[in-house]
Amino acid sequence: MPQIVVEQLVKTYQIAERAPGLWGAVRGLARRRHRTVRALDGASFAIERGELVGYIGPNGAGKSTTVKALSGILVPDSGRCEVAGRVPWQQRLDHVARIGVVFGQRTQLWWDLPVVESFELLRDIYRVPPDRFARSRDQLIALLDLAPLLDVPVRQLSLGQRMRCDLAAALLHAPDILFLDEPTIGLDAVSKLAVRAFIQRLNRDDGVTVILTTHDMDDIEALCTRVMVFAGGRILSDGTLGELRRRVSRERWLTIDLARADAVVDEPDATVIRRDGARVWLAFDPEVVAPAELIRRVTSRCAVRDLFVENPPIETVVARLYAAHRVDERGAAGGGAT
Amino acid sequence: MIGPGVDPGRFAPYRALFGARFRMLLQYRAAALGGLVAQTAFGLILIMIYEAFYRSSAAAARPMAFGQIASYVWLGQAVIMMLPWNVDEEMRGMVRSGGVAHELCRPVDLYAWWFARALAQRTAPVLLRAVPLVAVSTLGLPLVGLAEWRLAAPVSLAAGVGFGLAMLCGLALACAMSVLLYISWLWTVVAEGTLVIVSTVVSMCSGLLVPLPLFPGWVAPVLRWLPFAGLLDQPAQIYSGRIPAAEVAIVLAREVGWVVVLVALGRRLLGRGLRRVVVHGG
């Protein structure tokens, strides 16, 4: 049986609105207008133990709402949700004691306390036996290179340092599921790589199920065996990165460095999507023309210094998926405004 | 009463949070020094006002002896940080950023969690200020020739013990009220609204601004039965002997009764508030 089961999850928010300007503010005092926003609109999925799943989607798509429902801090309006047999918001205390949660936008540590004291506080909160605590603390300190940070108050840490400490803090009680909400947001390149390497190791070596939301497609490419694309509170796509690509488009790109900048590339089965001096980007469908055949044709017509075939960047794939979804939405009956 | 169950291990998280917050709050020495200056000045002003009133009024119209008023004022200034009229900055920040819901990520009973937090908030700053303020008002004032304005010793040992017990109950009341304040923020985005209301009510009804026995005839008994009297007025009246030692048990019973009511109310409201918590972002 899957570790996480979500069926037809729905969550709506009431958002107070007021007309702009002074008159709007005055009217708002007497009567509030509310608008209903569907943050989750019937999302369903199942996740097996040990998976590393990425949630992507534009802001307001329902990713974080899903994470909050799964981590027991938000009660959905309807639908079923079970994590290791527990309904998160009904068995909250029992549930949150066995999961780890990291929100990139806010720390779970205490601003005024040195890192090591935060860890000790967490030991008491999660009631981790002292020997087990010492073992997991020392291991996390070594893996995340926290030794120089232990006596620093959290408010003085850089974002990258804080994120490493937050990851350790979420894992001191050895949870078997880890939720990460934008774990790499705002981090520099080195910190991102460190965080990714750690998450990967955690999943591979310790078998921890990891669910992460992100806007950084490199996170997805580097980490996730499975990607769920959220939009408008629904899941547009669920599968491996390869499946996502195939679903959206079979398109490949051929990048050519020509010997001469004025050479003309004109292929009936491919489109020039960009040209920059001697460099040309061609988009083609490998089912229409095989890459080998296309390369043969191009090289037979003009002198080529270098070329390579690649997939369109994942950003492009996802942007197309969103665009297609918006077209659908306009076709369907309007939003949920009341 | 505060946390369910009797297993001592169950209280570990709350004890740990209290300890951490308490140690952290003890670091604010500059704020304590500023507070000492402000509270001394404020106490002196209040006492001067009452002295002026007492000089110009007939002895029969005085519900309290002047010495009792002076002690009452100093006790109020000493425990001013215990009264639930100011807030914990961090909680306020948490409300504004919608982070209250994130407290739910921890495997703790949120009411007991916030109570432990309030307990640190209502004790550490008090200790920092009360100790030097008591020294100034008991020993310092006689040295400069203002012995009449000093904080006198409790009238008897029994009064001293009764005061200590009533103040402990007052602390529990202050914490229960603080948690109610935190809970009210589940319904509002800006903490200031409820804070202004509560701080006004607390400073009027606890006796901080005007000792409750000085209120007109029908108001004083009403105020005495409200929970706010337990914060300062009742303990201070036990201290100065206006409430005799024989009646201390009644005061304590009333305070404990209110603690039970406020905790029960807080737990109920918290349960309801959490169901409607809106977590920002999606």
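**Two chains and a buried aspartate**

Guide: Welcome! In this predicted model, 30 residues of chain B are in contact with 28 residues of chain A.

Visitor: What makes a residue count as being in contact?

Guide: Heavy atoms have to come within 4.5 Å. By that rule, 28 residues of chain A meet 30 of chain B. Between them the chains bury about 2500 Å², with 57% of it on carbon and sulfur atoms.

Visitor: Why is the pair A:Glu117 and B:Arg23 called a salt bridge?

Guide: The cut-off is 4 Å from a side-chain nitrogen of Lys or Arg to a carboxyl oxygen of Asp or Glu. The side chains of A:Glu117 and B:Arg23 meet at 3.7 Å, N to O, so the pair qualifies. The rule finds one salt bridge across this interface, along with four residue pairs in polar contact, both residues at pLDDT 80 or more.

Visitor: Which helix of chain B gives the most to the side that touches chain A?

Guide: That is α1(B), with eight residues. Helices α1 (12-25), α4 (89-96) and α5 (110-121) of chain B each supply at least two. By class, this side of chain B has 17 nonpolar, seven polar and six charged residues.

Visitor: Now to chain A: why is A:Asp219 called buried?

Guide: Buried means under 20% relative accessible area. A:Asp219 has 0%, so the label fits.

Visitor: Where does A:Asp219 lie, and which residues does A:Asp219 touch, not counting those up to four places away in sequence?

Guide: A:Asp219 lies in helix α8 (residues 217-223) of chain A. With those sequence neighbours left out, A:Asp219 touches A:Thr184, A:Arg196, A:Thr214 and A:Cys224.

Conventions
Residues numbered from 1 in each chain as written. Chains lettered and ligands numbered in written order. Predicted model: local features only at pLDDT ≥ 70, side-chain atom pairs only at ≥ 80, totals over all residues. Heavy atoms only, no water. Buried area = accessible area lost by both parts, 1.4 Å probe. Polar contact = N/O pair within 3.5 Å; in protein donor to acceptor, adjacent residues only side chain to side chain. Helix = DSSP H or I, 4+ residues; strand = E, 2+ residues; numbered from the N terminus. Nonpolar A, V, L, I, M, F, W, Y, C, P; charged D, E, K, R; others polar. Buried < 20%, exposed > 50% of the residue type's maximum accessible area, 1.4 Å probe, protein only.
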